[in-house]
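These are my notebook entries on a structure that I wanted to read slowly, one part at a time. I wrote down each thing I looked up, in the order in which I came to it.

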Amino acid sequence: MFFSNNKQKEYVIKMDYDRSKPLTKRNVIEFIRNCGIEVKTNTKARGNQGIYLKNRIDISAKLNEDKVIEVLVHEFAHHIHYLIDENFITNGGSLEKLFDTNNTLLIKEELINITRLTDKNSRLTLFFNAKEETSKNIKGMQSVIKREYPNFMRSKKFPEFEQYIKNSDAKYLIKYDAVKLIQGFFFKKDKILTVKNIENDFPDMPKPFQMYIKLCSLQRKQSKLTRRINKLNKYYESPTELFARYVSAYFLTPETIETIAPITTNRFIHLLRNGYYKELKDLFEIFKNF
């Protein structure tokens, strides 16, 4: 995750750093600070595991040591990306610039495969699972309604329901999961209606109509999940996130990543050894004997 409002100076430092130091959270933080980057490990990281902000990296205080190292390398990769292409913060960067090639189709496919492997518990996965469960429930409710109303279709009007509901306060629940009705003229009284409590609020309503109102609620939920998935897909597949996720994954599990992404790894190693990724070369040489 990255955030930035101001530009920073580009610099390359060849550090006099003890290359015998083991891979620990403390040593990685020391290395990054030697690159001139402020590192904070006692923050909320704006609700994320870590963020890259201007010339600073914030790490969530909730992470264990192994996860801190992974996130540090991820955020440091954002810093390297900035040194390569300072415009990436506004346009998301490009794989062509990150891998110094115009042929990135296979590289992108491999990077997406790495994301699927390394981020199984991501919000995206949770949203996909929730959408699948919601779709399953919608189909089940549709089947129940069709037992009594065989011509019922979600894509068309439900005339029997509309005739019944037009004089009922339940009509508000077709568009909203919960509503507050103000009743009375002189002595006003609030009445709360919810989809969740529809059987108690409208005990005389036929079961298929109660089911239809619940179905409408689930369709709203499904649409909301779709919007969230589309937004997260845009984030997860942005070049800067694909690159940072690759760097941290390759840093920690090189053998696995070499198998999943051989084309990307060959290109990455070539550029890394030739100094294209600047201080990232030092990071791999110091901690991975690269």
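**Entry 1: a pair of strands**

Which residue stands opposite Arg56 in β4? I looked for the partner and found that Leu53 stands opposite Arg56. Before going on I noted that this is a predicted model, so that I would read every value below as computed from it.

I then followed the two strands along, and saw that strand β3, residues 50-53, pairs with β4 in the antiparallel sense over 4 bridges. Another of the bridge partners is Ile59 in β4, which goes with Gly50. Together β3 and β4 form a hairpin with 2 residues between them, and in the turn I found Lys54 with a positive phi of about 50°.

I also looked at which way the residues of β3 point: Gly50 and Tyr52 point one way, Ile51 and Leu53 point the other way, and all are buried. I set this beside a general rule, that in a regular strand the side chains alternate between the two faces of the sheet.

**Entry 2: the other neighbour of β4**

Next I asked in which sense strand β2 and β4 pair, parallel or antiparallel. Strand β2, residues 38-43, pairs with β4 in the parallel sense, again over 4 bridges, and here Val39 stands opposite Ile57 of β4.

Why is β4 largely enclosed by the rest of the structure? I counted it as enclosed because 4 of its 5 residues are buried.

I picked Lys40 for a closer look, since its place is in strand β2. Lys40 is partly exposed, with a relative accessible area of 32%, a value that lies between the limits of under 20% for buried and over 50% for exposed. Not counting residues up to four places away in sequence, Lys40 touches Arg56, Ile57, Asp58 and Ile59. I checked one of these pairs by distance, and found Lys40 and Ile57 to be 17 residues apart in sequence but 6.3 Å apart in space, C-alpha to C-alpha.

**Entry 3: the whole protein and its cores**

I stepped back to the overall picture, in which the protein has 13 helices and 6 strands. Of its 290 residues, 42% are buried. Among contacts with a separation of 6 or more, 61% are between residues 24 or more positions apart.

I then turned to the nonpolar residues, keeping in mind that in soluble globular proteins nonpolar side chains tend to be buried together. The largest nonpolar core has 49 residues, and Phe268, Tyr277 and Leu280 touch the most other members. The elements that give two or more residues to this core include α1 (25-34), β4 (56-60), α5 (105-118) and α12 (262-273), while the largest share, 11 residues, comes from α2.

Which residues is Tyr277 in contact with, leaving aside its neighbours within four places in sequence? I listed Ile80, Ile84, Leu98, Phe99, Phe243, Phe268, Leu271 and Leu272. Apart from this core lies another, of 23 residues, among them Val195, Phe202, Leu215 and Leu218.

**Entry 4: Ile112**

I found Ile112 in helix α5 and asked whether this residue is buried or exposed. At 16% relative accessibility Ile112 counts as buried, because the cut-off for buried is under 20%. Leaving aside neighbours within four places in sequence, Ile112 is in contact with Glu237 and Leu242. Ile112 and Tyr246 are 134 residues apart in sequence, yet their C-alpha atoms are 9.3 Å apart in space.

**Entry 5: a pocket**

How much space lies in the second largest pocket? I noted about 300 Å³, with 10 residues in the lining, of which Arg123, Lys231, Leu232, Lys234 and Tyr235 are the closest to the centre. Both α6 (123-148) and α9 (207-236) supply at least two residues of this lining, and the largest share, 5 residues, comes from α9. Sorted by kind, the lining has 4 nonpolar, 2 polar and 4 charged residues.

**Entry 6: unusual phi angles**

Last, I looked at backbone angles, knowing that most residues other than glycine have a negative phi. Asp100 has a positive phi of about 50° although it is not a glycine. I placed Asp100 in the loop between α4 and α5, where it is partly exposed, with a relative accessible area of 44%. Lys278 also has a positive phi of about 50°, and I found Lys278 in the loop between α12 and α13.

Notes
Residues numbered from 1 in each chain as written. Predicted model: local features only at pLDDT ≥ 70, side-chain atom pairs only at ≥ 80, totals over all residues. Heavy atoms only, no water. Core = buried A, V, L, I, M, F, W, Y, C linked by side-chain atoms within 4.5 Å. Buried < 20%, exposed > 50% of the residue type's maximum accessible area, 1.4 Å probe, protein only. Contact = heavy atoms within 4.5 Å. 1 Å grid on protein atoms, 1.4 Å probe; cavity = no way out; pocket = protein on both sides within 12 Å on 5 of 7 lines; lining within 4 Å. Points joined across faces, edges and corners; volume = space filled by probe spheres on them. Nonpolar A, V, L, I, M, F, W, Y, C, P; charged D, E, K, R; others polar. Pairing = 2+ DSSP bridges.
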